[in-house]
Amino acid sequence: MADAPTPQIFCVVTTDATKVAPGGGATVLVAKDEDEQARIAMWISRTVNAATHDLHNGVWLLTVNAPEGGGSAGG
Amino acid sequence: MSSGGTAPADWAALIVGLSAGLACRLATLDRDKRHYPGWPSGYVTQFTMGAIASLIGGTIVPALVAKEWTAATFLTLAATQFNSGRQTEMQVLQGEEKMTLVERGPAYISGLASNFQSRNFLAMLVAVVAALGTHLFKLDLGVLIAIVALVASMWLTSGSTVGEHVRVRPGIVKFEKGTLLFVDDVMLMEVGLPHSRERMLEEGMGVVLEPRSPRGESILWNLGQRQAITHEAAAAVGVQQDVGYPEQSPLVRMRMPYPDGTAALFILPVVPDMDRLRRAIEHTPVLESVRSQNWPVPHVRKSRIQRDDSPVGMKAANGPAGLVESTSKS
């Protein structure tokens, strides 16, 4: 459905590695500060068409639509 | 179809029928403002199919009068052809969706393809009525009957627009709790990138869609209709979106939690013209799949709202102007 996104977690970008437990399946990238975190998230989102979401605990999720979902839906 | 020795054809009926059918098809061709049909191929295709339908409709009556009964089989052939034309049109539109930044959505496409088929049938029917009237009542009255049939066909194909059921007004774009995008008090989505948030605040536009009636509310609850509204908005003012920037896509969301039927649209336009955006949304056609719905819309449970004394909950308890208060339980 075009208006109903079906996001999947593509990767996790965090400034605190202890906030993310291993073995979840998604790629985890650890940034040294918030500026680097924003930069990494921006570059990845442009590369793979991902949306960025802030969990407000130092962890950012990057999500992509499932392959059968619509490309114009965001968020 | 006709061999030598049969009665002379009623040319007046045929010509009046053909003309009425052609006029009907021309009058019901959608305007180019909605980018469908495309110019010139789309227009030529639709006009030609309409001409064929009008010819069949105008020819049937004189043929049957001349006792050429096989002419009736042309009607079934026409039905089959128009049906396959509709399928083809749907496939073409669905194929275009992959290369469109803001899609029309399956409901809108289905509506467009159905319109394509039904308006050809309508042209044929108008041609039949006009030809029959001319054959039975002579030319003058036949032309009058053709005009009445033409007016009736235009009335039949005129659907309502979103603006008749929904009030569209500008809204304030803001972020709450750091990353939650709001238009007035309608939450749309979470935006994690600071750069994206800055661009949305500087260049984004938001409109609030308030239903004038339960009909308007059921229109907004329909996902296909919301996608159509988004598509028309993007077509009117453009959208600063490309592959790789999913958070900049326009979207429409209902006010949640405590829904009261209000929705909001956010868009990053190329042309920041609020009037143009409002007009485009108001002129978006109401899809047929929505028109047929007349079920009670979800009713906000007042007891739940009254316990919530947050600003959002208090505003929901007061309700927007124009919304019919229903006591039905959902």
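Two residues are in contact when their C-beta atoms, placed from the backbone, lie within 7 Å. With residues up to four places away in sequence left out, B:Val207 touches B:Val168, B:Arg169, B:Pro170, B:Gly171, B:Ala264, B:Leu265, B:Leu277, B:Arg278 and B:Ile281. The model in which these contacts are found is predicted.

B:Val207 also belongs to the largest nonpolar core, which has 55 residues. Among the residues with the most contacts inside this core are B:Val207, B:Leu209 and B:Ala233, together with the run B:Ala264, B:Leu265, B:Phe266 and B:Ile267. Two of these, B:Ala264 and B:Leu265, also appear among the contacts of B:Val207. The core takes in at least three residues from domain 1 (11-157) and at least three from domain 2 (162-318) of chain B. Another core, of 31 residues, lies apart from it and includes B:Ala63, B:Ala78, B:Ala127 and B:Ala149.

Chain B also contains a hairpin, made of β2(B) and β3(B), with three residues between the strands. Strand β2 spans residues 173-176 and strand β3 spans residues 180-183, and the two pair in the antiparallel sense over four bridges. One of the paired positions is B:Val173, whose bridge partner in β3(B) is B:Val183. In this hairpin, B:Lys177 takes a positive phi near 55°.

Chain A comes next. Its secondary structure amounts to one helix and four strands, and from the N terminus on the elements follow the order β-β-α-β-β. Of the 75 residues in chain A, 33% are buried. Among contacts in chain A with a separation of 6 or more, 50% join residues 24 or more positions apart.

How are the four strands of chain A ordered in the sheet? They form an open sheet in the order β2-β1-β4-β3, with mixed pairing. Strands β2 (27-30) and β3 (51-54) of chain A stand at the edges and have a single partner strand each, so one side of each is left without a neighbour in the sheet. From one strand to the next, the twist averages 30°.

Within this sheet, β1 (residues 7-14) and β4 (residues 59-65) of chain A pair in the antiparallel sense over seven bridges. A:Val13 has A:Trp60 as its bridge partner in β4(A). The helix of chain A, α1 (residues 34-48), lies across β1, β2, β3 and β4 of the chain. Helix α1 runs at about 5° to β4(A).

Conventions: Residues are numbered from 1 along each chain as its sequence is written. Chains are lettered from A and ligands numbered from 1 in the order in which they are written. This is a predicted model: local features need pLDDT of at least 70, side-chain atom pairs count only at pLDDT 80 or more; totals for chains, interfaces and linings use all residues. A nonpolar core is a set of buried Ala, Val, Leu, Ile, Met, Phe, Trp, Tyr and Cys residues joined through C-beta atoms within 7 Å. A residue is buried if 20 or more other C-beta atoms lie within 10 Å of its own, exposed if 12 or fewer, and partly exposed in between; C-beta atoms are placed from the backbone. Domain bounds come from an automatic or database domain assignment. Two strands pair if DSSP finds at least two bridges between them. Axes are lines fitted to C-alpha atoms, for helices over the stretch in contact, and angles run from 0 to 180 degrees between N-to-C directions.
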